[in-house]
Every structure is written in C-alpha cells, then in structure tokens.
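Q: I'd like a close look at one part of this model and at what sits around it. Please go through its pairing, its pockets and its neighbours in one connected answer.

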Amino acid sequence: MFFKGIKGPNPADLQGSDLNVLIVHARWNMDAIEPLVNGAIDSMVKKHNVPRENIDVRSVPGSWELPIGISMALKTGKKYDAVIAIGVLIKGSTMHFEYIADATSHGLMRVGLDTGVPVILGLLTVLNDEQALERAGFNGGHNHGLDWGSAAVEMGLQRRNEL
C-alpha cells in the first residue's frame with residue numbers, strides 16, 4: 001500500500017496570532033545564525049501571523065548552552081507555546097563536534113519533555129562553512145529557519161490543542 005496523502009493540517013494554513021514563541025540562539029557562527037533567526041521570525045510573522053512582539057529572542061554563548069539557556073528562560077514566568085533552539089556546529093578535526101551535537105540534541109529533547117513546551121531542533125550539524133551558509137539561505141540554498149518557524153507554530157498550536 002502506498003501513502004497517498006499528508007495527514008494533519010496544511011502547515012501553510014496554520015495561524016498563530018496569539019502564540020508566544022521563544023528563540024534562543026548560539027553566538028558561534030553568526031554568519032549563518034543571524035539569517036536562520038531572521039528566517040524563523042519572517043516565517044512566523046509573514047506566513048503564520050504571529051505578532052513580532054510575541055517572539056522573544058535570546059542568545060547564549062554556544063550550542064552547548066542552548067538546553068540550559070532555554071530551561072532558564074522557561075522558568076522566568078513568561079509562558080511560551082514553543083521554543084526554537086538555533087545553533088550551528090561545524091565539524092573540525094577532533095571529536096568535539098560529535099560530543100556537542102549529541103549532548104545538545106539530547107538536552108533540547110529533555111527540556112521539551114520535562115517542561116511540555118515543544119522545542120524545535122534548529123541545530124545545523126555540517127562539515128564546513130559553505131554547508132552552513134547554504135542551509136542559511138546563501139548560495140542558492142534554502143534557509144532552514146523558515147521551516148523551524150513553521151514547525152514552532154504548528155507545535156505551539158498542538159500544545160494548545162487547537163489543531
């Protein structure tokens with residue numbers, strides 16, 4: 001049997017006019033991070049009608065700090081419907097890349113499961129600067145931040161059981 005359709009809502013139809021979204025981004029590799037953050041914001045505002053004032057943006061030193069930075073932000077008392085964690089890890093010549101990617105991914109999932117707030121994994125794990133920039137929308141590539149913004153809206157609405 002072949003799969004003939006997509007189940008669930010059409011992501012293009014989702015409207016998040018009352019959602020509150022937090023973006024936490026690393027400051028390493030800002031050449032790629034900045035357009036990814038802007039892409040996520042543009043997607044939410046222009047495509048899904050999330051008011052810009054409902055999107056908070058914070059930064060942490062690096063991807064390793066994303067889980068704890070998000071965890072601390074979620075304890076401030078402000079209610080968020082979804083979080084987007086944005087980081088860019090570029091493989092080097094040591095095992096550092098693998099350790100950070102693994103720990104960060106697991107940490108972000110843990111924050112989402114422990115708090116019940118969906119955390120969108122906006123963590124690029126790439127082999128070089130060119131791949132990072134391509135995934136940030138340069139050199140004919142697709143800006144993955146656009147997808148992360150749409151995912152945050154969809155999961156924020158699911159959290160509120162509006163789908």
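The part to look at is strand β3, residues 82-90.

A: Before the details, a word on the ground rules: this is a predicted model, so local features need pLDDT of at least 70 and side-chain atom pairs count only at pLDDT 80 or more, while totals for chains, interfaces and linings use all residues. Residues are numbered from 1 along each chain as its sequence is written, and side-chain values use heavy atoms, with hydrogens and water left out.

Start with how covered β3 is. Eight of the nine residues in β3 are buried, where buried means under 20% relative accessible area, exposed means over 50%, and partly exposed is in between (1.4 Å probe, protein chains only). The strand and helix names are DSSP runs numbered from the N terminus, helices being H or I over at least four residues and strands E over at least two.

Now the pairing (two strands pair if DSSP finds at least two bridges between them). β3 runs parallel to β1 with five bridges between them, and one partnership to click on is valine 21 with alanine 82 in β3. β3 also runs parallel to β4, this time joined by eight bridges; there, glycine 87 stands opposite leucine 123 in β4. Go one step out from β1 and you meet β2: β1 (residues 21-26) and β2 (residues 55-60) pair in the parallel sense over six bridges, with histidine 25 opposite serine 59 in β2.

Parallel neighbours need a connection, and two of them here are built with a helix. β3, α3 and β4 form a right-handed β-α-β unit, and β1, helix α1 (residues 30-47) and β2 form another right-handed β-α-β unit. Right-handed means that, with the strands pointing away from the viewer, the path from the first strand over the helix to the second runs clockwise.

The loops on either side of α1 each hold a backbone oddity. Asparagine 29, in the loop between β1 and α1, has phi near 65°, a positive value in a residue other than glycine, and it counts as partly exposed at 28% relative accessibility. Asparagine 49 sits in the loop between α1 and β2, with a positive phi of about 60° even though it's not a glycine; at 43% relative accessibility asparagine 49 is partly exposed too.

Back to β3, which also helps to line a pocket. On a 1 Å grid over the protein atoms alone, a pocket is an open set of points where a 1.4 Å probe fits, with protein on both sides within 12 Å along at least five of seven lines, and lining residues have an atom within 4 Å of a point. The largest pocket comes out at about 230 Å³, the volume being the space filled by probe spheres on grid points joined across faces, edges and corners. β3 and α3 (96-115) each supply at least two residues of that lining. Of the 13 lining residues, Trp28, Val88, Leu89, His96 and Ile100 lie nearest the pocket's centre. By class the lining has seven nonpolar, six polar and no charged residues (nonpolar is Ala, Val, Leu, Ile, Met, Phe, Trp, Tyr, Cys and Pro; charged is Asp, Glu, Lys and Arg; the others, Gly among them, are polar).

α3 and β4 turn up again at the second largest pocket, with a volume of about 160 Å³. Its lining includes Ser105, Leu108, Met109, Val117 and Leu121. The elements giving two or more residues to that lining are α3 and β4 (119-126), and α3 gives the most, with five. The split is eight nonpolar, three polar and no charged.

Finally, the contacts, meaning heavy atoms within 4.5 Å. Leucine 36, in helix α1, is buried because its relative accessible area is 0%. Leaving out residues up to four places away in sequence, leucine 36 touches Ile86, Val88, Leu124, Arg135, Ala136, Asn143, His144, Gly145 and Trp148. One of those neighbours, arginine 135, lies in helix α4 (residues 129-135) and counts as partly exposed because its relative accessible area is 27%. With neighbours within four places set aside, arginine 135 contacts Leu36, Leu124, Val126, His142, Asn143 and His144. The C-alpha atoms of arginine 135 and valine 88 are separated by 10.0 Å, with the two residues 47 apart along the chain.
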